[in-house]
Amino acid sequence: MAYTPELSKKSSSMLRRIAWAAERPMTKTLEDILEYFMNLIKKEEVCKRCRDRSFCNGCGFNDKRYIEGG
């Protein structure tokens, strides 16, 4: 993992409760939440505002990305 953000106490407790409800570890639950959110946000808006162009080929917002193992 390249970056580990600190969650607030409130966010951490909400994530924990969602994980319990989903019967999954918090790390997997957070990944699931991000995957779900990716379907809600306009990908072109993310790309337009992106500040790191070094990972476009692997970025989840890039429809033409290289998918490892795929």
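Helices are DSSP runs of H or I with at least four residues, numbered from the N terminus. On this basis, helix 2 of the predicted model spans residues 26-38 and gives the most to a nonpolar patch, with three residues.

The patch lies on the surface and is formed by Ile18, Leu30, Ile33 and Leu34. Together, these side chains belong to residues with about 320 Å² of accessible area. Leu30 is one of the patch residues and sits in helix 2. Its relative accessible area is 37%. Partly exposed residues fall between the 20% and 50% cut-offs, so Leu30 is partly exposed at this value.

A pocket was also examined. The second largest pocket has a volume of about 310 Å³. Its lining comprises Val46, Cys47, Cys50, Asp52, Arg53, Phe55, Cys56, Cys59, Phe61, Asn62 and Asp63. Seven of the lining residues are nonpolar, three are charged and one is polar. Among the residues that line this pocket are Cys47, Cys50, Cys56 and Cys59. The charged residues count Asp and Arg among their types, and the lining includes Asp52, Arg53 and Asp63.

Gly58 is placed in the segment after helix 3, which covers residues 43-49. The relative accessibility of Gly58 is 29%, so Gly58 counts as partly exposed. The limits that apply are 20% and 50%. Gly58 was also compared in position with Leu40. The two are 18 residues apart in sequence. In space, the C-alpha atoms of Gly58 and Leu40 are 19 Å apart.

Definitions and conventions: Residues are numbered from 1 along each chain as its sequence is written. This is a predicted model: local features need pLDDT of at least 70, side-chain atom pairs count only at pLDDT 80 or more; totals for chains, interfaces and linings use all residues. Side-chain values use heavy atoms; hydrogens and water are left out. On a 1 Å grid over the protein atoms alone, a cavity is a set of points where a 1.4 Å probe fits but cannot get out, and a pocket is an open set with protein on both sides within 12 Å along at least five of seven lines; lining residues have an atom within 4 Å of a point. Grid points are joined across faces, edges and corners, and a volume is the space filled by probe spheres set on the points. Helices (H or I, at least four residues) and strands (E, at least two) are DSSP runs, numbered from the N terminus. Buried means under 20% relative accessible area, exposed over 50%, partly exposed in between (1.4 Å probe, protein chains only). Patches are made of residues with over 30% relative accessible area and no salt bridge: like charges are joined within 9 Å, nonpolar side chains (Val, Leu, Ile, Met, Phe, Trp, Tyr) within 5 Å. Accessible areas come from the Shrake-Rupley method with a 1.4 Å probe; for residues, only the protein chains shown count as cover. A salt bridge is a side-chain nitrogen of Lys or Arg within 4 Å of a carboxyl oxygen of Asp or Glu.
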